[in-house]
Structure formats: C-alpha cells, structure tokens
Amino acid sequence: MNKKTQLALMFLLIHLAISIYFWFSEALLRGGYDLAIDGFVVARALMIIYTLHLLGKLGEFIIKNKKD
C-alpha cells in the first residue's frame, strides 16, 4: 500500500469510529428538554445511515485494493 492509500483508509476508519460512537452513545442527547427525544431519534437514524454508507465505502475500497 502506498501512503495515499493508507491515509485514505485511516480517514475512513476514523470517520467510521466516530459515527459508531455517536450511534451507541447518548452524546447527542442533552438534558433539560422534553422534546429532545424526537431530535435524538432523528440524529441516531442519520448516524445509522451514515455508518452504513461508510461501511459500503470501506468495502468498496478493500475490494478495489485487492484487485490491484
């Protein structure tokens, strides 16, 4: 692997780790608001979609590098 490939993979894995952290933690939920749960559900759904997108990109990246 060359340096550009390693850098791209590192950034992809960092983004994946951050999105999985927000997916499983309650860091997006702030206390004191009764209606915050609705926004939390939407934010968690968006993080799930983003994580699945990143997993797809990671799989594509791995398959592309195995061909070369």
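**Close-up views of a two-helix model**

Of the 68 residues of the protein, 19% count as buried. The model shown here is predicted, so please read each view with that in mind.

**View 1. The whole protein holds 2 helices and 0 strands**. The accessible surface comes to about 5600 Å², and carbon and sulfur atoms account for 67% of that area. Looking at contacts between residues at least 6 apart in sequence, 59% join residues at least 24 apart.

**View 2. Helix H1 runs through residues 3–24**. The helix has 22 residues, and the distance from its first C-alpha to its last is 32 Å. That span is close to the 32 Å expected at 1.5 Å a residue. Which residues of H1 are buried? They are Thr5, Leu9, Leu12, Leu16 and Ser19. Seen down the axis of H1, these buried residues fall within an arc of 95 degrees, so they line one face of the helix.

**View 3. A nonpolar patch lies on the surface**. Leu7, Met10, Phe11, Ile14 and Ile18 make up this patch, and together they offer about 450 Å² of accessible area. One of its members, Met10, is found in helix H1. Is Met10 buried or exposed? Neither label fits, because its relative accessibility is 43% and Met10 therefore counts as partly exposed; the exposed class begins over 50%.

**View 4. Thr51 sits in helix H2**. At 1% relative accessibility, Thr51 counts as buried, since the cut-off for that class is under 20%. Which residues are in contact with Thr51, once its neighbours within four places in sequence are left aside? Here you can pick out Leu16, Ser19, Ile20 and Trp23. Among these partners of Thr51, Leu16 and Ser19 are themselves buried residues of H1.

**View 5. Leu46 is another residue of helix H2, which spans residues 36–67**. With a relative accessibility of 51%, Leu46 counts as exposed, because that class takes in values over 50%. How far apart are Leu46 and Trp23 in space, C-alpha to C-alpha? The distance is 9.1 Å, while 23 residues separate the pair in sequence. You have met Trp23 already, as one of the residues in contact with Thr51.

Definitions and conventions: Residues numbered from 1 in each chain as written. Predicted model: local features only at pLDDT ≥ 70, side-chain atom pairs only at ≥ 80, totals over all residues. Heavy atoms only, no water. Helix = DSSP H or I, 4+ residues; strand = E, 2+ residues; numbered from the N terminus. Expected span 1.5 Å × (residues − 1). Buried < 20%, exposed > 50% of the residue type's maximum accessible area, 1.4 Å probe, protein only. Arc of directions from axis to C-beta. Contact = heavy atoms within 4.5 Å. Areas by Shrake-Rupley, 256 points an atom, 1.4 Å probe, with all protein chains shown as cover. Patch = residues over 30% accessible without salt bridge, like charges linked within 9 Å, V, L, I, M, F, W, Y side chains within 5 Å. Salt bridge = Lys/Arg side-chain N within 4 Å of Asp/Glu carboxyl O.
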